[in-house]
Amino acid sequence: MSDELTGPGTQTRRALLAGAGAVGVSVVLAACGTGDDDALDGTGSSPSAGGAPAPTGSASAPAEGGGAAALAKKSEVPVGGGKIIADQQVVVTQPTEGEFKAFSSICTHQQCPVTGVDGGTINCSCHFSKFSVADGSVKGGPATKPLAEKKVKVDGDNIVLA
């Protein structure tokens with residue numbers, strides 16, 4: 001078998017495999033990122049947030065009495081779980097019956113939006129960090145910092161930012 005080129009634009013099998021391997025290594029290294037929780041560009045945002053798309057959700061109509069727009073209705077937030085309101089970058093949780101909490105829905109690891117609330121944790125599918133629905137603390141890394149808490153109050157049947 002020969003490594004000689006037989007015509008214009010023809011590559012050897014060895015060159016083709018080496019190129020494909022280099023591309024594969026580049027993709028893996030790029031996906032790993034810096035691993036630095038503070039890898040921000042100075043504006044408070046990630047230079048490239050990448051990752052899974054944010055879940056959809058929208059704020060409801062203004063709360064009773066014409067106050068702030070409701071994040072969710074109490075009935076929409078299960079006990080031990082939560083609801084992500086993507087356009088407000090908030091996740092509302094109900095750790096125990098009648099107790100509502102809210103946190104930033106942006107993961108503290110590499111600023112990906114969290115994608116679900118299940119099993120008592122707020123979950124980020126970018127790198128699989130998990131946060132407590134009760135206090136936003138880290139339950140599983142790579143994140144090392146808790147989710148920022150947001151103040152909420154109950155206004156009738158609605159949960160609104162305080």
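## Buried cysteines without a bond

A residue is called buried when its relative accessible area is under 20%. In this predicted model, C124 has a relative accessibility of 4% and therefore counts as buried. C107 is also buried, because its relative accessible area is 2%.

A disulfide requires two cysteine sulfur atoms within 2.5 Å. The cysteine sulfur closest to that of C124 belongs to C107, and the distance of 3.9 Å is too far for a bond. Seen from the other residue, the sulfur of C107 has its closest cysteine sulfur in C124, again at 3.9 Å, so no bond is assigned between them.

## The disulfide

One disulfide is found when the whole structure is searched. The link is formed by C112 and C126, whose sulfur atoms are 2.3 Å apart. C112 is in the loop between β4 (99–104) and β5 (116–118), while C126 is in the loop between β6 (121–123) and β7 (130–132), so the pair ties together parts that are 14 residues apart in sequence.

The link of C112 and C126 is left-handed, with -105 degrees about the S-S bond. Both of these cysteines, C112 and C126, are buried.

## The four-stranded sheet

Strand β4 also belongs to an open sheet of four strands. The order of the strands in this sheet is β2-β3-β4-β9, and the pairing is antiparallel. The edges are occupied by β2 (82–85) and β9 (149–150); each has a single partner strand, so one side of each is left without a neighbour in the sheet.

Within the sheet, β3, which covers residues 90–96, pairs with β4 in the antiparallel sense over five bridges. The pairing can be located at the level of residues: V91 has F103, in β4, as its bridge partner.

## N158 and its polar contact

N158 is placed in strand β11, which covers residues 158–161. With a relative accessible area of 5%, N158 falls under the 20% limit and is therefore buried. The side chain of N158 is joined to the side chain of K73 by a polar contact of 3.1 Å.

## Summary

The cysteines described here fall into two pairs. C112 and C126 form a disulfide, whereas the sulfur atoms of C107 and C124 are too far apart for a bond, at 3.9 Å. Elsewhere, the open sheet has β2 and β9 at its edges, and a polar contact joins the side chains of N158 and K73.

Technical notes: Residues numbered from 1 in each chain as written. Predicted model: local features only at pLDDT ≥ 70, side-chain atom pairs only at ≥ 80, totals over all residues. Heavy atoms only, no water. Helix = DSSP H or I, 4+ residues; strand = E, 2+ residues; numbered from the N terminus. Buried < 20%, exposed > 50% of the residue type's maximum accessible area, 1.4 Å probe, protein only. Polar contact = N/O pair within 3.5 Å; in protein donor to acceptor, adjacent residues only side chain to side chain. Pairing = 2+ DSSP bridges.
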